Amino acid sequence: MSAIDITAPPPHATIDMEIPIKSSAPPPPEYKAATGDGGIKGHGHGVVEGILRALLCVTSLAGVIVMVTSKQTELIPISPTMAVPLDAKFNHSPSYTYYVAALSVAFLYSILLFGIVASAVGATTGVSYIGLKGNSHSRWHEICHEYDSYCRHLKGSIALSLMSSIELLLLVWLAVYVLSKKIRVSSKY
């Protein structure tokens with residue numbers, strides 16, 4: 001049987017009582033960047049973000065305006081002697097109405113709504129493709145050969161909203177990049 005030393009404290013009972021020494025020296029610049037005091041100097045993240053937000057506002061607002069102003073009336077022949085005027089408007093399709101609403105919200109709230117804008121662009125592009133090419137299986141006829149001005153508005157609006165989606169994606173990437181830089185710097189302390 002071995003002897004137990006009762007004079008030494010058990011290993012789990014030891015406490016490190018070291019007190020850090022206070023210093024009057026200013027913290028290093030990395031600490032300021034990690035804590036948000038002073039930001040990461042030498043990088044134009046704020047300028048890039050400002051430019052992207054301005055572009056997002058301009059392209060999403062322009063996309064809404066172009067879509068809302070898309071209206072065309074054509075005389076559609078229903079018999080050899082009779083034609084009926086029919087309108088094509090953005091609010092005749094639920095996906096186009098959703099698209100205008102989503103882009104309007106993106107214009108107001110920018111970065112928070114990337115997924116909503118992307119889904120609206122996808123829905124609108126799908127319906128627009130049917131308008132351009134039709135769907136013979138469903139007997140949906142193409143309309144862009146009749147409503148050429150209306151379809152040009154749709155194409156322009158979708159192009160602008162795709163630019164808005166890309167700008168939102170770039171804003172998200174910029175935010176992730178800046179946050180990862182701050183996390184890397186703060187992990188040193």
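**Exercise 1. Place isoleucine 130 in the model and find out which residues it touches, not counting residues up to four places away in sequence.**

Step 1: Isoleucine 130 sits in helix H4; helices here are DSSP runs of H or I with at least four residues, strands are E runs of at least two, and both are numbered from the N terminus.

Step 2: Check its cover. Isoleucine 130 has 26% relative accessibility and so counts as partly exposed. On this scale, buried means under 20% relative accessible area, exposed means over 50%, and partly exposed is in between (1.4 Å probe, protein chains only).

Step 3: Look for partners, with contact meaning heavy atoms within 4.5 Å. Leaving out residues up to four places away in sequence, isoleucine 130 touches Trp140, His141 and Glu142. The C-alpha atoms of isoleucine 130 and glutamate 142 are 6.5 Å apart, although their positions lie twelve residues apart along the chain.

A word on the ground rules: this is a predicted model, where local features need pLDDT of at least 70 and side-chain atom pairs count only at pLDDT 80 or more, while totals for chains, interfaces and linings use all residues. Residues are numbered from 1 along each chain as its sequence is written, and side-chain values use heavy atoms, with hydrogens and water left out.

**Exercise 2. Find the disulfide and work out its handedness.**

Step 1: Look for cysteine sulfur atoms within 2.5 Å of each other, which is what defines a disulfide. That rule gives one disulfide.

Step 2: The partners are cysteine 144 and cysteine 151, with an S to S distance of 2.0 Å. Both cysteine 144 and cysteine 151 are buried.

Step 3: Read the torsion about the S-S bond of cysteine 144 and cysteine 151: it is about -85 degrees, so this disulfide is left-handed.

**Exercise 3. Which residues form the salt bridge, and how are they placed in helix H5?**

Step 1: Apply the rule: a side-chain nitrogen of Lys or Arg within 4 Å of a carboxyl oxygen of Asp or Glu. You get one salt bridge.

Step 2: Aspartate 148 pairs with arginine 152, and their closest N and O atoms are 3.7 Å apart.

Step 3: Aspartate 148 and arginine 152 are four residues apart in helix H5, so about one helical turn separates them. Aspartate 148 is partly exposed at 38% relative accessibility, whereas arginine 152 is exposed at 52%.

**Exercise 4. Which residues touch the most other members of the largest nonpolar core?**

Step 1: Such a core is a set of buried Ala, Val, Leu, Ile, Met, Phe, Trp, Tyr and Cys residues joined through side-chain atoms within 4.5 Å.

Step 2: The largest one has 24 residues, and Met67, Tyr96, Tyr99, Val100, Val117 and Tyr150 touch the most other members. Helix H2 (45–68), helix H3 (94–109), helix H4 (114–133) and helix H5 (148–186) each give two or more residues to this core.

Step 3: Zoom in on valine 117. Not counting residues up to four places away in sequence, valine 117 touches Ala102, Leu103, Ala106, Ser161, Ser165 and Leu168.

**Exercise 5. Is serine 60 buried or exposed?**

Step 1: Serine 60 lies in helix H2.

Step 2: Its relative accessibility is 0%, so serine 60 counts as buried.

Step 3: Beyond residues up to four places away in sequence, serine 60 touches Leu103, Ala106, Phe107 and Ser164.
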